[in-house]
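Hi,

Here is the structure I promised to pass along. Have a look at it first, and my notes follow underneath.

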Amino acid sequence: MKEINEILKAYSQAKSEEKKTALATVVKVEGSSYRQPGARMLVTEDGILTGAISGGCLEGDALRKALLAIHQKQNKIVTYNTSNEDDAEVGLQLGCNGVVHILFEYIDDQKPNNPIQLLKQLEAERKEAVIVTIFSLKRAAIQIGTALFFRKDSPVLHHNNDALNLISEVKEVLKNKSTIVKKLQEENNNEALIEYIKPPISLVIAGAGNDVQPLVKMAALLGWKITVAEGRATHATSKRFPKANQVLTLKPEYFLDTISIDDQTYFLLMTHNYKYDLAVLKSLLETDCQYIGILGPRSKLNRMLDDLQLEGITVNDEQLKRIYSPVGLDIGAETSEEIALSIVSEIKAFATNRLGTSLKYKAGKIHSEIYYGEKISE
């Protein structure tokens, strides 16, 4: 989602400067690739790139293809065989052992529901959504491109009637929370990238000490939405946390009054004030938040559980599963920056349902599998 946000900002800037643009999207991958379907890059007519469709090996040639799409005002599909080290078209030894199909879309400001306008809908609400991009691997075929935006209980936005035939598949993607690529029943062999997009992580930190500062910087770098709150007005300031989206001075009993919780909201308790952390934990146990990280040794959590027990509050097994204490991955962290890295890594692993172990010992592919289904029946 961070990449899309940056693309939208870059497009807004380009439009204000009256620059023409094209959007490059990875729509299909066969074998291995640095980026997966859904990766995007905006290109302006003067060669400014925002986003990425590879680790840097394709961007040079992709720039030329994007400029061609802008000049001709047409969508184009380009295929890169990164397993061929002698690929004459790219002229680089890529060595990723895969075939990458990239769609280049000219952005026509005059057309309603153009690709950028559809992507902009993601910012309207903090809810999961689906984007449909229709393409054909036949270079001579008409490339429909980014054609439909879907969000539950919201109007369907589209610019192509054929995309409406995919609504049942779109709803299934939203239900399963996974991206798929499917072939369509058409003469030109169209395929559809039906992409599941969830809102960015919302990180809520109870604490505004010095050790929170590198944590906020790292989380902001990942595009997370960050709230910093605690009771000390001298510490909870925007000047100390310029990268935070929201900085609040709150008493613990009012901590959740201004916080909206969804399945992408993660909490950290690190005020170094035991009573404050305990009060916030007590409130969080009454919510359905999935992740509560507590800074400090395991003995601190045990003390918290004992004190809650004295108040007549028994933390059940389901609630205990949501508490991560000591918070962070075991990477030997000592300094505040290293601890921040440990915490951010654990949250990212949790959010993507990973264990956070070394890739050296991972069986199978690095990236999550994208389902390439059979043809959609008429």
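Arg322 is a good place to begin. In this predicted model, Arg322 touches Leu284, Leu285, Thr287, Asp288, Cys289, Gln290, Tyr291 and Ile292, leaving aside residues up to four places away in sequence. You'll find Arg322 in the loop between α8 (317-321) and β16 (323-324). Arg322 is buried but has no salt bridge. The nearest side chain of opposite charge belongs to Glu318, and that is 5.9 Å away, while the cut-off for a salt bridge is 4 Å between a side-chain nitrogen and a carboxyl oxygen. What the Arg322 side chain does have is the backbone oxygen of Thr287, which lies 3.2 Å from one of its polar atoms.

Arg322 falls in a stretch with a record attached. The UniProt annotation "domain: XdhC Rossmann", from an unreviewed entry, covers residues 203-347. Annotations of this kind may be inferred rather than shown by experiment. In the model, residues 203-347 are 35% helix and 17% strand, with the end C-alpha atoms 9 Å apart.

Next, strand β5. How many of the nine residues of β5 (residues 98-106) are buried? Nine of the nine are, so the strand is largely enclosed by the rest of the structure. In a regular strand the side chains alternate between the two faces of the sheet. Here Gly98, Val100, Ile102, Phe104 and Tyr106 point one way from β5, and Val99, His101, Leu103 and Glu105 point the other way. Residues on both sides are buried, and Glu105 and His101 are among them.

β5 also has strand partners. With β1 (residues 21-31), β5 pairs in the antiparallel sense over nine bridges; to find the register, note that Ala22 has Tyr106 as its bridge partner in β5. With β4 (residues 76-81), β5 shares six bridges, again antiparallel, and there the partner of Thr79 is His101.

Some backbone details should be checked by eye. Most residues other than glycine have a negative phi, and most peptide bonds are trans. Three places in this chain go against that habit:

- Ser325 and Pro326 are joined by a cis peptide bond, with omega about 0 degrees. Pro326 is in the loop between β16 and α9 (336-351).
- Glu18 has a positive phi, near 60 degrees, and is not a glycine. Glu18 is in the loop between α1 (2-16) and β1, and counts as exposed at 71% relative accessibility.
- Asn353 has a positive phi too, of about 60 degrees. Asn353 sits in the loop between α9 and β17 (371-373) and, with 73% relative accessibility, is exposed.

Now the charged pairs. Side chains of opposite charge can pair when their charged atoms come close. The count comes to 16 salt bridges, and I'll go through some of them.

Which parts of the chain does the pair Glu128 and Lys177 tie together? The two side chains meet in a salt bridge at 2.7 Å, N to O. Glu128 lies in the loop between α3 (115-120) and β6 (129-136) and Lys177 in the loop between α4 (167-176) and β9 (180-183), so the pair links parts that are 49 residues apart in sequence. Glu128 is partly exposed at 24% relative accessibility, and Lys177 is partly exposed at 41%.

Two other pairs each stay within one helix. In α1, Glu6 and Lys2 form a salt bridge at 3.6 Å, N to O; the two are four residues apart, which means a separation of about one helical turn. Glu6 is partly exposed, with a relative accessible area of 36%, and Lys2 is partly exposed at 28%. In α7 (residues 298-310), Asp307 and Arg303 are likewise four residues apart and separated by about one helical turn. Their closest N and O atoms are 4.0 Å apart. Asp307 counts as partly exposed at 22% relative accessibility, and Arg303 is partly exposed at 47%. Finally, Glu17, Lys19 and Asp46 are joined into one network by salt bridges that share partners.

If you only open one spot in the viewer, try Arg322, which is buried without a salt bridge.

Cheers

Definitions and conventions:
Residues numbered from 1 in each chain as written. Predicted model: local features only at pLDDT ≥ 70, side-chain atom pairs only at ≥ 80, totals over all residues. Heavy atoms only, no water. Buried < 20%, exposed > 50% of the residue type's maximum accessible area, 1.4 Å probe, protein only. Lys, Arg positive; Asp, Glu negative; His and termini not counted. Polar contact = N/O pair within 3.5 Å; in protein donor to acceptor, adjacent residues only side chain to side chain. Contact = heavy atoms within 4.5 Å. Pairing = 2+ DSSP bridges.
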